[in-house]
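Student: I'd like to go through this one and ask where the labels come from. Can we start with a single residue and work outwards?

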Amino acid sequence: MARLEREPSFLPLTLSTIDTVSGSVQSPAIRASADAVRRRATEANTAAAECWAALLAGCDGPGTKLLPRRLRELTEATSMFAGKRWWQGTGSAHRHRVGRAQMRIEEAVAERDGADFAEAFVGYDQAVATALVRAHTRLESSAR
């Protein structure tokens, strides 16, 4: 596959947020969870760039098959960072927002709709980054 001089970034807020959050975390367990989110976000971002290239080319590249799994893995890593109890309880609005955005991306891929794909990714990125900030704020306040 042709390589762009600079790959597009589909998760800039998420990647920036997790870098900031992991830099301020004291707990080794929470830092490990933040590192898992960073890895999954990087993998999802790469799959999104490959999928985007396939959508623009009008073909069915490997990224279109891999992206849904990468998004699920990032969502799962985010839920682990946030804490399952919070993610299922108080943070459920964030969980639903992330889930809706993820579903919209998957629909755009299935319909080969590049414009909706790009727009849906903005929503997904914002939803994940917001959930990470809220979870981090909660974790920091409970550590005090």
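Tutor: Sure, let's take Thr78, which lies in helix H3; helices here are DSSP runs of H or I with at least four residues, numbered from the N terminus. Keep in mind that this is a predicted model, where local features need pLDDT of at least 70, side-chain atom pairs count only at pLDDT 80 or more, and totals for chains, interfaces and linings use all residues. Residues are numbered from 1 along each chain as its sequence is written, and side-chain values use heavy atoms, with hydrogens and water left out.

Student: Why is Thr78 called buried?

Tutor: Buried means under 20% relative accessible area, with exposed over 50% and partly exposed in between (1.4 Å probe, protein chains only). Thr78 has 1%, so it counts as buried.

Student: What is Thr78 in contact with, leaving aside its neighbours within four places in sequence?

Tutor: Val37, Trp87, Val128, Ala131 and Leu132, where contact means heavy atoms within 4.5 Å.

Student: What makes H1 roughly antiparallel to H2?

Tutor: H1 (residues 12-24) and H2 (residues 28-57) pack at about 160°, axes 10 Å apart. Axes are lines fitted to C-alpha atoms, for helices over the stretch in contact, and angles run from 0 to 180 degrees between N-to-C directions. Under 35 degrees is roughly parallel, over 145 roughly antiparallel, 65 to 115 roughly perpendicular and the rest oblique. Therefore H1 is roughly antiparallel to H2.

Student: Which residues in H1 meet H2?

Tutor: Thr14, Leu15, Ile18, Asp19 and Ser22 do, and their partners in H2 include Arg31 and Asn45.

Terms used:
Helix = DSSP H or I, 4+ residues; strand = E, 2+ residues; numbered from the N terminus.
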